[in-house]
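Dear colleague,

Please find below the structure I agreed to pass on to you. My notes on it follow directly after.

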Amino acid sequence: MDRSFLSRPAVIAASRDFVCVRLATYEDPLEAKFLKSLVRTGSGEVENTGFCLLAPDGKKRLSRSARGMDHLYADAAEMAAEMTKIAGTFKPIAVPSALPLAADARLGLDIAAADGLPLVIVVGPDATSRKPLVDRMAKLGWTDEFIGRFIYAEGTAKDVVGVPGVTIDAGIVVIAPDKFGQKGTALRQINVDMTIEKTAESLRLAAKEYQAPAKTFQNHVREGQRLGVFWETKLPVTDPMENNARERGKRMAQPKN
């Protein structure tokens, strides 16, 4: 996350009038196709970041598009001012009600580690059986107490990989991700029949218990290379600079003879 923009109080306040979409770069072919049409890059291919303000139809551009906010705004205050101005031209017709789910449990764990937040996974054998639990979590997730406190995903119990000790096939699992987002520890397992009040109490306790690992970008990358930890994307990486960095990191991770 770009802390010089997205974590500033003015931008956070302005964002409450928007639907904010986090890009799953190199994880979804339809998104990649859309991003390639939206943001012009030096390589002509999808690169690792992109930014644009769009109308509710998801097509009309309300701002210029660019690789990042710093390409468009002098600072966070200017960005917040434009967002507030644009939001004032639209009349909301509903309050948020859908749970902001990551594309899958695997990606959710990685996002949670990157953001230093616990992951909530709604577990069930299929989407139909999970829907009541997703709706329950949405009611809690948009409250002032819990908004911005968790990352969310859904899937089957088999999708919750790298997290030992998960014993429920249907319910809610709160996970503390490891620093690299490929493993985790189950903090709470909430049965499918638990009341919304009890669910809230379990979330409250998990959020209090969770401590994000301390890390800096440089040390994090260096340690990951030393341990041979790499995120394998579903789509080929087409950002030349990122590709070079990934290849360099893999070479550095090779054992020395």
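**Findings**

Of the 257 residues of the protein, 36% count as buried. Please bear in mind that this is a predicted model.

Regarding the overall fold, the protein contains eight helices and four strands. Read from the N terminus, their order is α-α-α-α-β-α-β-β-β-α-α-α. The radius of gyration is 19 Å, close to the 18 Å that the globule rule gives for 257 residues, so the protein is as compact as a globular protein of that length. The C-alpha trace spans about 65 × 50 × 30 Å along its principal axes. Where contacts link residues at least 6 apart in sequence, 60% of them join residues at least 24 apart.

Turning to the interior, the largest nonpolar core comprises 21 residues, and V120, M137, F150, V174 and L203 have the most contacts inside it. Two or more residues each are given to this core by β1 (119–123), α5 (127–141), β3 (171–177), β4 (184–191) and α6 (196–209). The largest share, five residues, comes from α5. Leaving aside residues up to four places away in sequence, L203 touches V120, M137, L140, F146, F150 and V174. Another core, of 19 residues, lies apart from the largest one and has A24, A105, A112 and I175 among its members.

As for the surface, the protein exposes about 15,600 Å², of which carbon and sulfur atoms supply 56%. There are 36 positive and 32 negative side chains, and the centres of these two sets lie 2 Å apart.

With kind regards

Notes:
Residues numbered from 1 in each chain as written. Predicted model: local features only at pLDDT ≥ 70, side-chain atom pairs only at ≥ 80, totals over all residues. Heavy atoms only, no water. Rg over C-alpha atoms; globule rule 2.2 N^0.38 Å. Buried < 20%, exposed > 50% of the residue type's maximum accessible area, 1.4 Å probe, protein only. Contact = heavy atoms within 4.5 Å. Areas by Shrake-Rupley, 256 points an atom, 1.4 Å probe, with all protein chains shown as cover. Lys, Arg positive; Asp, Glu negative; His and termini not counted. Charge placed at Lys NZ, Arg CZ, Asp CG, Glu CD. Core = buried A, V, L, I, M, F, W, Y, C linked by side-chain atoms within 4.5 Å.
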